[in-house]
Amino acid sequence: MGDRNPVHRIIASAARESLKPLGLAQRGRSRLWIDDHGWWLGVVEFTPPRIAVSGLYVGAMWLWHT
């Protein structure tokens, strides 16, 4: 478990430095970053690292109903 801590910190730091200036906000202390435009959302999610490998999901959601 101790081996993963540096990976978590590196991912969190890189996400903060790259995504925050683009207007995305981290949801709590999760790995989910959201860019809310009112009628659509941009979503970036980092999956938990397994064996020092991490995944990245990027998506857009259109909010059709108020």
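This passage walks through the fold of a predicted model, from its overall layout to a few individual residues.

The protein chain holds 66 residues, of which 20% are buried. Its secondary structure comes to one helix and four strands. Read from the N terminus, these elements follow the order α-β-β-β-β, with the helix ahead of the strands. About 5300 Å² of the protein chain is exposed, and carbon and sulfur atoms supply 60% of that area. Among the contacts with a separation of 6 or more, 16% link residues that lie 24 or more positions apart.

How are the four strands arranged? They form an open sheet in the order S1-S2-S3-S4, with antiparallel pairing. Strand S1 (25–26) and S4 are the edge strands, each pairing on one side only. As a reminder for newcomers, strands of a sheet pair through backbone hydrogen bonds, and the pairing can be parallel or antiparallel.

It helps to follow the sheet strand by strand. S1 and S2 are joined in the antiparallel sense by two bridges, and Gln-26 has Trp-33 in S2 as its bridge partner. The hairpin of S1 and S2 has five residues between the strands, and in this hairpin Gly-28 takes a positive phi near 60 degrees. On to the next pair: strand S2 (residues 32–36) and strand S3 (residues 40–46) run antiparallel and are joined by five bridges. Leu-32 stands opposite Glu-45 in S3, while Asp-36 has Leu-41 in S3 as its bridge partner. The hairpin of S2 and S3 has three residues between the strands, and here Gly-38 takes a positive phi near 90 degrees.

Strand S2 also shows a pleasing pattern in its side chains, which alternate along the strand. Trp-33 and Asp-35 point to one face and are buried. Leu-32, Ile-34 and Asp-36 point to the other face and are not buried. Trp-33 is thus a residue to look for twice in the structure above: its side chain is buried, and it is the bridge partner of Gln-26.

The loops deserve a visit as well. His-37 is found in the loop between S2 and S3. Is His-37 buried, exposed or partly exposed? With a relative accessibility of 38%, His-37 counts as partly exposed, because that value falls between the limits of 20% for buried and 50% for exposed. Along the chain, His-37 and Trp-62 are 25 residues apart, and their C-alpha atoms are separated by 9.7 Å.

Thr-47 lies in another loop, the one between S3 and S4. At 15% relative accessibility, Thr-47 counts as buried, because buried means under 20%. The side chain of Thr-47 reaches the backbone nitrogen of Gly-55 at 2.8 Å.

The tour ends at Trp-62, which is found in strand S4 (residues 56–62), one of the edge strands. Trp-62 has a relative accessible area of 45% and is therefore partly exposed. Which residues form a nonpolar patch on the surface together with Trp-62? The patch consists of Trp-39, Trp-62 and Trp-64, with about 490 Å² of accessible area together.

Note on methods: Residues numbered from 1 in each chain as written. Predicted model: local features only at pLDDT ≥ 70, side-chain atom pairs only at ≥ 80, totals over all residues. Heavy atoms only, no water. Patch = residues over 30% accessible without salt bridge, like charges linked within 9 Å, V, L, I, M, F, W, Y side chains within 5 Å. Areas by Shrake-Rupley, 256 points an atom, 1.4 Å probe, with all protein chains shown as cover. Salt bridge = Lys/Arg side-chain N within 4 Å of Asp/Glu carboxyl O. Buried < 20%, exposed > 50% of the residue type's maximum accessible area, 1.4 Å probe, protein only. Pairing = 2+ DSSP bridges. Polar contact = N/O pair within 3.5 Å; in protein donor to acceptor, adjacent residues only side chain to side chain. Contact = heavy atoms within 4.5 Å.
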